[in-house]
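Good morning, and thank you for joining this meeting. Please take a moment with the sequence and the model before I go through the details.

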Amino acid sequence: MFEPYQRIPRANLKNRLIIEKQQLTDANRILKGLRQAISPEFLGLVSTSGHPISIYSSPTLVDTDAIGSLAASSYGATRLLAHMMNGAEFTVMFHEGSDLNVHIAQVSEQVLLVVCFSNKDAESPLTETRS
């Protein structure tokens with residue numbers, strides 16, 4: 001016999017990310033300046049749940065939604081690992097690859113800045129910083 005329909009409780013709305021138009025305009029202006037300064041392969045603001053907020057990407061990185069989601073997942077996993085080990089709070093991550101580096105920084109409680117940049121570009125200020 002089927003159970004009567006049960007209402008499923010709505011998600012907790014107090015933890016939802018709400019961005020006002022002016023905040024998004026300001027963020028896009030800052031990202032545009034950052035993009036011009038460092039010429040990244042990928043630059044974006046992503047929610048800690050992995051949803052894209054504002055993304056700039058080179059044509060070589062086609063699945064920007066996946067990049068943002070995986071970056072947020074990686075950040076979340078690292079944060080939990082740190083918490084389990086010693087209670088430390090990590091707010092920045094850096095992954096160095098043979099061709100591409102990924103920098104993830106928490107900019108607010110629910111927003112991450114994700115930057116992917118080539119480590120082959122000798123002109124990049126980021127490459128010089130890591131050398």
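Let me begin with a definition: a residue is called exposed when its relative accessible area is over 50%, buried when it is under 20%, and partly exposed in between. By that cut-off Arg29, at 55% relative accessibility, counts as exposed. Please keep in mind throughout that this is a predicted model.

First, the overall architecture. The protein has 3 helices and 5 strands. Read from the N terminus, these elements follow the order α-β-β-α-β-β-β-α. The protein has 131 residues, of which 27% count as buried.

I return now to Arg29 and its partner. How many salt bridges does a search of the whole structure find? The search finds 1. That salt bridge joins Asp26 to Arg29, and the closest N and O atoms are 3.6 Å apart, which falls within the 4 Å that the definition of a salt bridge allows. Both residues belong to helix 1, which spans residues 21-38, and because they are 3 residues apart there, about one helical turn separates them. As for their surroundings, Asp26 is partly exposed with a relative accessible area of 28%, whereas Arg29 is exposed at 55%.

Staying with helix 1, I turn to Leu24, which has its place in that helix. At a relative accessible area of 31%, Leu24 is partly exposed. Together with Leu17 and Ile19, Leu24 forms a nonpolar patch on the surface, and the three residues have about 200 Å² of accessible area together. Leu24 can also be related to a position further along the chain: Ile53 is 29 residues away in sequence, and the two C-alpha atoms are separated by 8.3 Å.

The patch residues come up again in the largest pocket. Which residues line that pocket? The lining consists of Leu17, Ile18, Ile19, Gln23, Leu24, Ala27, Leu45, Ile53, Val107 and Val111. Helix 1 provides the largest share of this lining, with 3 residues. The space in the largest pocket comes to about 160 Å³. Leu24 and Ile53, the pair I have just described, are both among the lining residues.

Next, the aromatic residues. The structure holds 1 aromatic pair. The pair consists of Phe94 and Phe117, whose ring centres are 6.1 Å apart and whose planes meet at 40°, so the pair is classed as tilted. Phe94 lies in strand 3, residues 92-96, and Phe117 in strand 5, residues 111-118, so the pair ties together parts that are 23 residues apart in sequence. Are these two rings' residues buried or exposed? Phe117 is buried, with a relative accessible area of 3%, while Phe94 is partly exposed, at 26%.

Two further sites deserve a place on the slide. Arg79 is found in helix 2, which covers residues 64-86. Its relative accessibility is 32%, so Arg79 counts as partly exposed. Arg79 and Thr91 are 12 residues apart in sequence, and their C-alpha atoms are 8.0 Å apart in space.

The last site concerns the backbone. Most residues other than glycine have a negative phi. Against that background, Ser39 has a phi near 45°, a positive value in a residue other than glycine. Ser39 is found in the loop between helix 1 and strand 1, the latter running over 42-47.

To summarise, helix 1 has been a recurring theme. Helix 1 holds both partners of the salt bridge, Asp26 and Arg29, and also Leu24. Helix 1 also gives the largest share of the lining of the largest pocket. In the strands, the aromatic pair of Phe94 and Phe117 links strand 3 with strand 5. Thank you for your attention.

Definitions and conventions: Residues numbered from 1 in each chain as written. Predicted model: local features only at pLDDT ≥ 70, side-chain atom pairs only at ≥ 80, totals over all residues. Heavy atoms only, no water. Salt bridge = Lys/Arg side-chain N within 4 Å of Asp/Glu carboxyl O. Helix = DSSP H or I, 4+ residues; strand = E, 2+ residues; numbered from the N terminus. Buried < 20%, exposed > 50% of the residue type's maximum accessible area, 1.4 Å probe, protein only. Patch = residues over 30% accessible without salt bridge, like charges linked within 9 Å, V, L, I, M, F, W, Y side chains within 5 Å. Areas by Shrake-Rupley, 256 points an atom, 1.4 Å probe, with all protein chains shown as cover. Phe/Tyr/Trp six-rings, centres within 6.5 Å; stacked < 30°, edge-to-face > 60°. 1 Å grid on protein atoms, 1.4 Å probe; cavity = no way out; pocket = protein on both sides within 12 Å on 5 of 7 lines; lining within 4 Å. Points joined across faces, edges and corners; volume = space filled by probe spheres on them.
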